[in-house]
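Colleague: I would like a close look at one helix and the packing around it, set in the context of the whole chain. Could you take me through that part slowly?

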Amino acid sequence: MFKDAFIHTLIQVENDKKWMSVANWMNENFSVIQSDKTLLEAAKVLNELKLEFLPVVDSHHKPIGMMTPHHILEAFVSGRDKHMLLETMFFTQVAEIDEQSLLSELPFQSDNPAVYMVKNQQGMLTGLLTQKEILKGLTALMESYIQNDKVTDILSVILEKAYEGIAVVDENGIIIEFNEAYSKFTGVPRSVAMGRHVTDVIENTNLHETVQKGIPERGVLQNIQGQDMVVHRIPIWKNGKVVAAIGMLIFEGVSDIYRIYERLQLQKVMADTELPPLSSEGLSSLNQIIGTSEAISDLKRKARTAARTQAVVLLSGEKGTGKKAFAESIHLLSPFASKPFTTIHCTVEVSKNVDEQLFGMHGILTSGNESTLYLQDIEALSMTLQMKLLDCLRHAPEGFPVQLIISSTQNLYELAESDAFSSELYAQLNPLQLTIPALRNRKEDIPYLLSHYMQEICFRHKIPEKSFTTSAVTYLMNYEWKGNIEELIDVLEHLVSTVHSNSIDVTDLPQLIVEGQNIHTLENIKEKQDAEEKKMIIDLLDKTDGNKSKTAELLGIHRTTLYKKMRKFNI
């Protein structure tokens with residue numbers, strides 16, 4: 001009876017289109033190419049951005065077909081004209097689904113590398129959905145449910161819906177969930193695996209270390225049953241400590257290798273055509289913006305929308321939050337992706353140099369060449385140059401070839417209101433604003449940032465990768481990071497150069513991070529905040545007679561977020 005109730009709850013969740021709909025789990029961080037582009041331009045995008053899939057869309061952003069490195073390679077090998085327009089080619093047809101479809105309605109199979117093109121009600125392409133996105137959705141559910149001891153039965157149902165191998169261990173490395181797919185692959189029955197230490201069941205695993213260190217690992221190789229497999233290991237944090245970890249076995253290891261091989265072949269073909277690189281800079285894509293928090297996920301969605309509209313984009317946020325990375329990502333998602341990307345730092349560049357770069361004989365705004373211009377810290381632009389920019393934009397012809405992205409560490413609207421920035425220029429810009437949150441406001445992303453940049457820094461210095469103790473990660477998560485990601489990178493650089501052991505503990509951290517932090521006190525503060533938030537949600541649900549949409553609206557959050565919080569607080 002108890003189990004039936006939980007299964008019924010799962011069915012209810014799956015049928016709630018705000019939670020289990022494709023729109024919540026599809027990949028919105030994808031590139032497209034217009035059908036009026038050439039085969040060579042498509043090859044360039046696939047090669048430079050290392051893409052597995054490249055949707056082809058018409059002028060209204062409606063999907064036409066799908067290209068892959070394999071298709072490009074075949075076209076070149078068969079002697080196709082590299083300058084032929086994509087609209088004249090035949091494409092592999094890919095299933096198209098509505099973004100309100102439910103994940104549970106899709107016929108996914110473990111050996112089928114299918115990709116769906118997701119459309120909105122207007123028929124425009126809004127996302128891609130593969131088995132990995134399905135798994136991501138199920139994992140998000142698991143991370144939510146596993147923190148509640150009362151939902152073991154519903155968690156089991158979710159685990160068995162996953163086509164990948166899934167194992168979950170507790171804080172001691174003991175297996176508490178082991179799905180049928182993993183059981184079949186290892187040959188170890190679930191009943192035998194449950195309750196045993198993970199090292200006794202899965203060979204060459206580091207899942208028990210994921211619990212100890214609290215650092216996620218994605219896309220690492222692990223040899224199981226004589227095969228090199230791709231695995232993800234994700235820690236689950238609760239009240240400042242790791243309570244469990246999820247290990248996901250990706251059965252696509254071999255096909256991933258084939259895709260890498262295809263890319264290498266494609267690169268050789270591209271080299272033979274003497275095609276110049278996409279950019280002289282190593283630009284960031286949305287996939288390189290690290291974080292899984294709701295704030296970052298929402299920003300990525302807005303960035304994609306901004307790139308499609310070609311409106312002036314204002315990136316606001318504190319110093320070091322990653323505004324330039326978002327600017328580069330918007331450029332790569334825009335129709336100007338293959339054109340130059342120029343950054344002018346208004347607080348560093350001398351006014352005369354800025355004037356020449358913008359309005360000179362070969363200036364970006366006067367040359368008539370297609371490009372993306374990123375004006376960093378635009379609030380520092382002199383009033384003279386602001387007026388010159390205003391005049392340029394006012395008299396810009398229709399189809400102005402420059403995409404403009406600006407950034408500010410201050411509130412540009414308030415500056416304009418107080419005459420510290422030209423109100424006329426602000427009105428002319430009429431920017432679409434994306435606010436990048438401070439790192440202290442998305443602390444759940446810190447373990448992912450630590451993992452990514454530690455790997456990057458150690459690789460650059462050609463030294464073995466260092467790890468963190470759980471206590472060290474807890475202190476790092478609770479630090480304020482006034483310098484944001486830039487400060488985090490500086491701290492990691494310092495730790496790599498000063499800590500000689502392979503494990504970094506609290507005693508190794510800079511004194512500034514350790515001073516004033518008391519983990520017990522921090523946990524008490526968090527528990528008090530949770531209690532207050534739970535009471536507020538309950539009060540609003542009572543006030544709205546249980547209307548979740550209205551409650552979410554009053555709280556200023558998405559209905560999906562409300563569901564997550566209700567599960568978290570057992571409401």
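Modeller: What follows starts from the chain as a whole, goes on to helix H19 and its surroundings, and ends with some other places for comparison.

The model is a predicted one, and its protein chain holds 23 helices and 18 strands. Of the 571 residues in that chain, 49% count as buried, and among the contacts with a separation of 6 or more, 65% are made by residues 24 or more positions apart.

Helix H19 covers residues 484-498, which makes 15 residues, and from its first C-alpha to its last it reaches 21 Å, close to the 21 Å expected at 1.5 Å a residue. The buried residues in H19 are Asn484, Ile485, Glu487, Leu488, Val491, Leu492, Leu495 and Val496. An α-helix has 3.6 residues a turn, so residues three or four places apart point the same way. Within the buried set, Leu488, Leu492 and Leu495 can be followed along the helix in this light. The partners against which the buried residues of H19 pack are H17, strand E17 (467-468), strand E18 (503-504) and helix H20 (511-514).

Asn484, which is found in helix H19, deserves a separate word, since its phi is near 60°, a positive value in a residue other than glycine. Most residues other than glycine have a negative phi, and most peptide bonds are trans. Asn484 has a relative accessible area of 0% and is therefore buried, the cut-off being under 20%. A useful counterpart is Asn430, whose phi is also positive, at about 45°, although it is not a glycine. Asn430 sits in the loop between helix H16 (423-429) and strand E16 (432-435), and with a relative accessible area of 60% it is exposed.

Leu488 links the helix to the interior. Once its neighbours within four places in sequence are left aside, Leu488 is in contact with Leu439, Ile446, Leu449, Leu450, Tyr453 and Trp481. In the largest nonpolar core, which has 58 residues, those that touch the most other members are Leu450, Phe468, Trp481, Leu488, Leu492 and Leu509. Helix H17 (residues 446-461) provides the largest share of this core, with eight residues. Apart from this core lies another, made up of 28 residues that include Val312, Leu375, Ile378 and Leu415. In soluble globular proteins, nonpolar side chains tend to be buried together.

For a polar residue in the interior of another element, consider Thr372, which lies in strand E14 (residues 371-376) and counts as buried because its relative accessibility is 0%. Not counting residues up to four places away in sequence, Thr372 touches His331, Ser334, Phe336, Pro340, Phe341, Thr342, Gln403 and Ile405.

Two of these contacts of Thr372, Ser334 and Phe336, lead on to the second largest pocket, whose volume is about 690 Å³. That pocket is lined by 26 residues, and those closest to its centre are Gln34, Lys37, Ser334, Pro335 and Phe336. Its lining divides into 12 nonpolar, six polar and eight charged residues, and helix H3 gives the most to it, with four.

Note on methods
Residues are numbered from 1 along each chain as its sequence is written. This is a predicted model: local features need pLDDT of at least 70, side-chain atom pairs count only at pLDDT 80 or more; totals for chains, interfaces and linings use all residues. Side-chain values use heavy atoms; hydrogens and water are left out. A nonpolar core is a set of buried Ala, Val, Leu, Ile, Met, Phe, Trp, Tyr and Cys residues joined through side-chain atoms within 4.5 Å. Buried means under 20% relative accessible area, exposed over 50%, partly exposed in between (1.4 Å probe, protein chains only). Helices (H or I, at least four residues) and strands (E, at least two) are DSSP runs, numbered from the N terminus. Contact means heavy atoms within 4.5 Å. On a 1 Å grid over the protein atoms alone, a cavity is a set of points where a 1.4 Å probe fits but cannot get out, and a pocket is an open set with protein on both sides within 12 Å along at least five of seven lines; lining residues have an atom within 4 Å of a point. Grid points are joined across faces, edges and corners, and a volume is the space filled by probe spheres set on the points. Ala, Val, Leu, Ile, Met, Phe, Trp, Tyr, Cys and Pro count as nonpolar, Asp, Glu, Lys and Arg as charged, and the others, Gly among them, as polar. The expected span of a helix is 1.5 Å times one less than its number of residues.
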